[in-house]
Amino acid sequence: VDSVTHRFDSHPIHKLCYYASTTTKEELRQAIAYHQSLTPVQPVQDQFGMTPSHILLSSPTPRQDLLLVLFEHYPPSILEDTRSTIGGKRAVDYVLSRWNLL
């Protein structure tokens, strides 16, 4: 339970994507800039193997504007080709299954 409750404590980009309905593009850009300034750079995946785009695209109403901010700073291949450790799904698989396209 503790790992789920504090899942985003060390992943502020994931947290902003999780709370996408209230996140601004500027907040996300600032969190990404901070993340990229860390030495050594921290992994883009959380402890469940999910990237920020997994979190964003698994929401009931994924926001295209925030996804575009993620793509400005991270190559789409990093965000989309990485499989989560939960069911082996790519971030885009969450959207496709939600829209019944899988």
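Which side chain does the side chain of S53 make a polar contact with? Keep that in mind while you get your bearings; we'll come to S53 partway through the tour. One thing before you start clicking: this is a predicted model.

**The whole chain**

Colour by secondary structure. You should see seven helices and zero strands, so the pattern along the sequence simply reads α-α-α-α-α-α-α. Switch on a surface if you like: the accessible area is about 6,100 Å², and carbon and sulfur atoms account for 58% of that. Of the 102 residues in the protein chain, 36% count as buried. If you draw contacts between residues at least 6 apart in sequence, 65% of them join residues at least 24 apart.

**The core**

Next, select I13, C17, L28, I32, L56 and L70 and show their side chains. These belong to the largest nonpolar core, which has 18 residues, and they are the ones that touch the most other members. Helix 2 (12-18), helix 3 (25-37), helix 4 (52-57) and helix 5 (64-73) each put at least two residues into this core. Helix 5 has the largest share, with four residues.

Now centre on I32. Leaving aside residues up to four places away in sequence, what does I32 touch? Show I13, V69, L70, H73 and Y74, and you have the list.

**Helix 3**

Stay with I32 and select the rest of its helix. A quick check with the distance tool: the end C-alpha atoms of helix 3 are 18 Å apart, and 18 Å is also what its 13 residues should span at 1.5 Å a residue, so the two agree.

Then colour L28, A31, I32 and H35, the residues to look at for burial in helix 3: each of them is buried. They sit on the same side of the helix, because they cover an arc of only 100° around the axis. Turn to the other side of helix 3 and pick out Q30 and Y34, which are exposed. What do the buried residues of helix 3 pack against? Show helix 2 and helix 5 to see their partners.

**Helix 5**

Move over to helix 5 and select L66, L67, V69 and L70, which are buried. Their arc around the axis is only 155°, so they too lie on the same side of helix 5. You have already met V69 and L70 as residues that I32 touches.

While you are on this helix, click E72. Is E72 buried or partly exposed? Its relative accessibility is 48%, so E72 counts as partly exposed. Add R29 to the selection: the C-alpha atoms of E72 and R29 are separated by 9.1 Å, although their positions lie 43 residues apart along the chain.

**S53 and its partner**

Back to the opening question. Select S53, in helix 4, and then T51, in the loop between helix 3 and helix 4. The side chain of T51 is the answer: it makes a polar contact with the side chain of S53, at 3.0 Å. Hide the surface for this stop, because both residues are buried: S53 has 0% relative accessibility, and T51 has a relative accessible area of 1%.

**Two loop stops**

Select T24, in the loop between helix 2 and helix 3. With 38% relative accessibility, T24 counts as partly exposed. Now add D65 and look across: the two C-alpha atoms are separated by 9.2 Å, with T24 and D65 being 41 residues apart along the chain.

For the last stop, go to R90, in the loop between helix 6 (76-80) and helix 7 (91-98). R90 has 27% relative accessibility and therefore counts as partly exposed. Which residue, 36 residues apart from R90 in sequence, is 7.0 Å from it in space, C-alpha to C-alpha? Select H54 and draw the distance to R90 to finish the tour.

Technical notes. Residues are numbered from 1 along each chain as its sequence is written. This is a predicted model: local features need pLDDT of at least 70, side-chain atom pairs count only at pLDDT 80 or more; totals for chains, interfaces and linings use all residues. Side-chain values use heavy atoms; hydrogens and water are left out. A nonpolar core is a set of buried Ala, Val, Leu, Ile, Met, Phe, Trp, Tyr and Cys residues joined through side-chain atoms within 4.5 Å. Buried means under 20% relative accessible area, exposed over 50%, partly exposed in between (1.4 Å probe, protein chains only). Contact means heavy atoms within 4.5 Å. Accessible areas come from the Shrake-Rupley method with a 1.4 Å probe; for residues, only the protein chains shown count as cover. A polar contact is a pair of N or O atoms within 3.5 Å; within protein, one must be able to donate a hydrogen and the other to accept it, and residues adjacent in sequence count only if both atoms are side-chain atoms. The expected span of a helix is 1.5 Å times one less than its number of residues. The arc is that of the directions from the helix axis to the C-beta atoms.
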